[in-house]
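Please set out, in running text, how the strands of this model are arranged and which side-chain contacts join parts of the chain that lie apart in sequence. A short account of a few individual residues would also be welcome.

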Amino acid sequence: MDGERRRKQRVVYWDELPDLVVEKIFCYLPKRSRFNAAVTCKSWLRVLNFPELWKTFVLKEKTLTRSKYNYFLGYQDVLDPFITQRCLRRIGRHFRRIRISPICSFSNVYDFMIILNSFLTYFEDDQMPFLRAFEFYFACELRDKEGIRVFGTGGNILGTLIKLMGSFRHLEELRLENLLLDGFDAEHLLDNIYESCGSSIMRLSIINCTKFHHFFMHCGLFLNLRYLTVSPNHLHYDLVYLVSELRYLLEFHIVQTKFTTNGRLLDHNDWRPLRNGRRFVKVFLEAAGKTKDEILWQQHAPVFAVAYYTPYSRLSLLSALEIVKNYGDSVYAYCQFGLPRFPYKRSRPMNERCDSLLLLLVRTCINLSHIVIHELISMATLLLIAHQTKGRLRTIFVRKNALLKKHAWRNGEDQVKLTADMQEVLTNASNYQSFVKEMNVLLGCPLNNWRPLTDKEFKELSFDSLNKK
């Protein structure tokens, strides 16, 4: 009777939603909310076991834990072995990516890797046939009563991590970050993963795995490697030579964070194998995290892009001159991703902003075609940049909240001679609507779809979005 009444009313109830719709909703929910929703009806409980919901498994502070009383520390979140084993048996076959995030409880990290390694090696058949990526981030920075302490890993955690990486099969992506090992411990870090997945790894990220300078020869031995990411303290001229011989390598990222110490600067001759190689490999210089240090500029490296993923990045005179000097004929992109987190005043004079330096980059870097700026910049400067790069500039992204209307260029300022065409273009800098319209004309946008981005849209920018747009 109840089902007949529902059909007559033609109303779709929550328990009658299609499985694909419920699955899409569950994808936006945290794990605990998924379990709470699954106990409401049988149809939602069935959707809980769909593979799409468990593509990525993230181990956090309270994942798979229970509260246990400690006589010295009180109640602590301790990894539950029974819950962990049951989780791996029921949904482990759906995992495509396992990410161990920075966790302060080292014992929970150690216990999870022990259980995961036993689960992979105990059975003869592959229990995780779809697992393709593994990420491990070590919590090297902890706060206590004495302040902030930075230290590396080693001992049992390192030994278990090496064994675990040797248990993976058909892994395509590996990321290790902030291990901060000593030189002796780092020598055999990648031995097991090279033996088990040497022919399947396509993405490899080794960032701050040692405290001091140490390069991993294994990075140049993965034959099917497409994307390689290292920090400056792992650079070496032998690594550059090995990387230049990789047949399928597309991108080489050099990432610097606040934990990067003893970075290595290679000279002009060290980069010759990549610069004069038979294949074109895109080299990226990047600063990520909360670092306030400037990028270590590699001399005359074939740099494709300079990118900042830090809120403290600014275009300074020193960095602009280094880019022009070393990468004037190779750099294609200069990007400042994310929102800034430094004090700035709109009344700041023009010589203290990035306007003239950005114009210098555009005029001297002959291949510069992608620009992302989160600093204050005047509309007159953007009009000059678009005017001087007709047909070359593909994308330029700025924040709407960082635009200045009152600052205009004067003839002869910073060695810029304003022609009659430039002065006509600059007349549109005093009005926002006419500025957007003129930028669309100069950039050659047939649909007039160029506009400054809101802060929400700007936060979502990345290199992938630049290629799409």
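Asp182 is partly exposed, with a relative accessible area of 38%, where buried means under 20%, exposed over 50% and partly exposed in between (1.4 Å probe, protein chains only). The model is a predicted one, in which local features need pLDDT of at least 70 and side-chain atom pairs count only at pLDDT 80 or more, while totals for chains, interfaces and linings use all residues. Residues are numbered from 1 along each chain as its sequence is written, and side-chain values use heavy atoms, with hydrogens and water left out.

**Salt bridges**

Asp182 forms a salt bridge with Lys211, the term meaning a side-chain nitrogen of Lys or Arg within 4 Å of a carboxyl oxygen of Asp or Glu. Because Lys211 lies in the loop between E9 and E10 and Asp182 in the loop between E8 and helix H8 (183-186), the pair ties together parts that are 29 residues apart in sequence. Like its partner, which is partly exposed, Lys211 counts as partly exposed, at 30% relative accessibility. Elsewhere, salt bridges that share partners join Arg97, Arg99, Glu135 and Glu173 into one network. The helices (H or I, at least four residues) and strands (E, at least two) named here are DSSP runs, numbered from the N terminus.

Within that network, the side chains of Arg97 and Glu135 meet in a salt bridge. This pair links distant parts of the chain, with Arg97 in strand E4 (residues 97-100) and Glu135 in strand E5, 38 residues apart. Arg97 counts as partly exposed at 22% relative accessibility, whereas Glu135 is buried, with a relative accessible area of 5%.

In total the structure holds 13 salt bridges, including one in which the side chains of Asp19 and Arg46 meet. Asp19 lies in helix H2 (residues 19-27) and Arg46 in helix H4 (residues 42-47), so this pair ties together parts that are 27 residues apart in sequence. Asp19 is partly exposed, with a relative accessible area of 25%, and Arg46 also counts as partly exposed, at 44%.

| Salt bridge | Closest N and O atoms |
|---|---|
| Asp19 and Arg46 | 3.0 Å |
| Arg97 and Glu135 | 2.5 Å |
| Lys211 and Asp182 | 3.9 Å |

**The sheet**

An open sheet is formed by 12 strands, which are paired in parallel and follow the order E1-E4-E5-E8-E9-E10-E11-E12-E13-E14-E15-E17; two strands pair if DSSP finds at least two bridges between them. At the edges stand strand E1 (56-59) and strand E17 (395-398), each of which pairs on one side only. From one strand to the next the twist averages 10°, the axes being lines fitted to C-alpha atoms and the angles running from 0 to 180 degrees between N-to-C directions.

Strand E5 (residues 133-137) pairs with strand E8 (residues 173-177) in the parallel sense over 5 bridges, and Tyr137 stands opposite Glu177 in E8. Further along the sheet order, strand E9 (residues 203-207) runs parallel to E10 and is joined to it by 4 bridges, with Thr229 in E10 as the bridge partner of Ser205. E10 is joined in turn to strand E11 (residues 251-256), again in parallel and by 4 bridges, and there Val230 stands opposite Ile254 in E11.

**Individual residues**

Which residues surround Thr229, not counting residues up to four places away in sequence? Thr229, placed in strand E10 (residues 227-230), touches Leu204, Ser205, Ile206, Ile207, His253 and Val255, where contact means heavy atoms within 4.5 Å. At 10% relative accessibility, Thr229 counts as buried.

Thr153 sits in the loop between strand E7 (147-150) and helix H7 (155-167) and is buried as well, with a relative accessible area of 13%. Apart from residues up to four places away in sequence, Thr153 touches Phe138, Leu158, Leu179, Leu180 and Leu181. The C-alpha atoms of Thr153 and Asp185 are separated by 9.5 Å, although the two residues are 32 residues apart along the chain.

Leu73, in contrast, is exposed, with a relative accessible area of 60%, and its place is in the loop between strand E2 (65-70) and strand E3 (74-79). Together with Tyr69, Tyr71, Phe72 and Tyr75, Leu73 makes a nonpolar surface patch of about 800 Å². Patches are made of residues with over 30% relative accessible area and no salt bridge, like charges being joined within 9 Å and nonpolar side chains (Val, Leu, Ile, Met, Phe, Trp, Tyr) within 5 Å. The accessible areas come from the Shrake-Rupley method with a 1.4 Å probe, and for residues only the protein chains shown count as cover.
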